[in-house]
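Please open the structure in a viewer and follow the selections below in order. Each stop names what to select and then describes what is found there.

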Amino acid sequence: MSVLKVGIVGGTGYTGAELLRLIAGHPNAEVAMITSRAEAGVGVDELFPSLRGYTDLKFTVPDVSELAACDVVFFATPHNVAMKMVPELLAANTRIIDLSADFRIRDAKLWSEWYHEEHLCPELLAEAVYGLPEKKADQIKDARLIACPGCYPTSIQLGFLPLIEEKLIDTSRLIASAASGVSGAGRQAKVDNLFTEISDSFKAYGVSGHRHLPEIEQELSEAAGSDVALTFTPHLLPQVRGIHATLFSEIRDPAVGLDELQFLFEKRYADSPFVDVMPLGSTPQTRTVRGGNMCRIALHRPQNRNTVVVLSAIDNLVKGASGQAIQNMNLMFGLEESAGLNGISLLP
Ligand SMILES: NC(=O)C1=CN([C@@H]2O[C@H](COP(=O)(O)OP(=O)(O)OC[C@H]3O[C@@H](n4cnc5c(N)ncnc54)[C@H](OP(=O)(O)O)[C@@H]3O)[C@@H](O)[C@H]2O)C=CC1
Ligand SMILES: CC(=O)N[C@@H](CCC(=O)OP(=O)(O)O)C(=O)O
């Protein structure tokens, strides 16, 4: 098989850099073009010395006609960027994997409510496939345009999906309390993300409404076949990488035991290379997924009462962003789903 030519728009951010790191070890893909307006002309390995010896590319200013020569273009840009270039790239038969939120919400009005702009190509929202491979592998294979799920949404959906699909829980009162490392906020300078502001501290944010809520509810409602209601509270962890989600739901039939739930999760994810259902009693840690594409999940039912607690941990930059984007690329181009993604998470 020939090697896929990959373009990356937004190559100097954390997810763009993570795409570079992962594609450098991919057997069937190479980065042919990488953009940055601020660093145009600078060598990639000058900005990221970790990549010395792996690339001789220089950053360029994004140019749609040049990007169209690629087999696939990843957008690792803030929202409202991809939608300006995607229609022209699709017209040139280039496939798109967008890591931003531009195509994740199928309702253009709802998208505008949360992202505070008019959508520029609402006609593509129905075509875009929400790229959670554990839910939509078949659609991903045929997709031209992938909306890669956000980092919180990935950890939360993978934890709730088996319970919802089997209609085992009350979906009118789901609760997700989740925490993210600071790289989730991107690489641009913000006072709130200074070392002195975030270290040795822990706080909630976006409590009254976070923009990830609508995509999570959209996808879980689709799985349930009816509207689900989620209370989602994100927190900021004083570390670089990692998302830890604690998910609460009420079981409909108290006679369904924890062993049965464990069996259900193991069966549901038996063919998913990047979901690890840990043994009962486990507590996944963000450090055990750091740098890898794995989502580790563990089930609990405290005091054997009716609340099921699911713990879910991912690396926000890998399974929560760039690793998941590559998993999508693999499926779209008929490659091994795990190609380039078999690296073990860092120890410790
Ligand atoms: N960080 C994370 O954990 C996750 C992030 N995401 C999403 O992925 C996307 C990228 O995130 P992240 O890597 O953190 O972002 P960063 O802020 O770290 O990087 C953004 C990149 O986009 C480029 N860029 C910014 N504005 C434009 C523009 N108008 N046109 C072209 N390029 C532009 C920047 O380069 P330059 O300005 O030089 O062109 C930079 O390379 C975002 O949509 C984010 O929400 C999704 C999941 C997890
Ligand atoms: C810690 C932090 O600030 N995280 C970001 C979410 C991460 C992200 O990039 O959002 P997408 O997945 O939608 O792209 C936030 O809460 O807005």
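Begin with helices α1 and α11, which pass each other in a right-handed crossing. The model on display is a predicted one. To find the pair, select residues 14-23 for α1 and residues 318-332 for α11; their axes come within 9 Å and cross at roughly 50°. An angle of this kind is neither under 35 degrees nor within 65 to 115, so α1 counts as oblique to α11.

Next, show the side chains at this crossing. On α1, select T15, E18, L19, L22 and I23; on α11, select V318, A321, S322, G323, A325 and I326, which they meet. Sorted by class, the contact of α1 with α11 holds seven nonpolar, three polar and one charged residues.

Keep α11 selected and add helix α6, residues 133-142. The axes of α6 and α11 come within 9 Å, and the two cross at roughly 40°. That angle makes α6 oblique to α11. The crossing of α6 and α11 is right-handed. From α6, the residues to display are P133, A137, I140 and K141; from α11, they are Q327, N328, L331 and M332. Five nonpolar, two polar and one charged residues make up the contact of α6 with α11.

What lies in the segment after α11? Proline P348 is found in that segment. Select P348 together with L347: a cis peptide bond joins them, with omega at about -10°. Most peptide bonds, by contrast, are trans.

Now colour the chain by domain. The domain assignment gives domain 1 as residues 4-127 and domain 2 as residues 152-316. Their centres, taken over C-alpha atoms, are separated by 27 Å. Nine residues from domain 1 and seven residues from domain 2 take part in the contact. Which helix gives the most to the side of domain 1 that touches domain 2? Select residues 108-115: this is helix α5, and it supplies three residues. That side of domain 1 has, by class, six nonpolar, one polar and two charged residues.

From α5, move to H116, in the loop between α5 and β5, the latter being residues 129-130. The phi of H116 is near 60°, a positive value in a residue other than glycine. Most residues other than glycine have a negative phi.

A further selection comes from a database record. In an unreviewed UniProt entry, the annotation "domain: Semialdehyde dehydrogenase NAD-binding" covers residues 5-143. With that span selected, the C-alpha atoms at its ends lie 17 Å apart. Helix accounts for 33% of the span and strand for 16%.

The last stop is another pair of helices. Select residues 151-165 for α7 and residues 213-224 for α9. Are these helices roughly parallel or oblique? They pack at an angle of about 20°, with their axes 10 Å apart. Angles under 35 degrees count as roughly parallel, which means that α7 is roughly parallel to α9. The crossing in which α7 passes α9 is right-handed.

Finally, display the residues that meet here. They are P153, I156, Q157, F160, L161, I164 and E165 in α7, facing E215, I216, E219, L220, A223 and A224 in α9. By class, the contact of α7 with α9 has nine nonpolar, one polar and three charged residues.

Conventions. Residues are numbered from 1 along each chain as its sequence is written. Chains are lettered from A and ligands numbered from 1 in the order in which they are written. This is a predicted model: local features need pLDDT of at least 70, side-chain atom pairs count only at pLDDT 80 or more; totals for chains, interfaces and linings use all residues. Axes are lines fitted to C-alpha atoms, for helices over the stretch in contact, and angles run from 0 to 180 degrees between N-to-C directions. Helices (H or I, at least four residues) and strands (E, at least two) are DSSP runs, numbered from the N terminus. Angles under 35 degrees count as roughly parallel, over 145 as roughly antiparallel, 65 to 115 as roughly perpendicular and the rest as oblique. A crossing is left-handed if the near helix is turned anticlockwise from the far one by less than a right angle, and right-handed if clockwise. Two residues are in contact if their C-beta atoms, placed from the backbone, lie within 7 Å. Ala, Val, Leu, Ile, Met, Phe, Trp, Tyr, Cys and Pro count as nonpolar, Asp, Glu, Lys and Arg as charged, and the others, Gly among them, as polar. UniProt positions are given in the numbering used here, feature names are shortened, and annotations may be inferred rather than shown by experiment. Domain bounds come from an automatic or database domain assignment.
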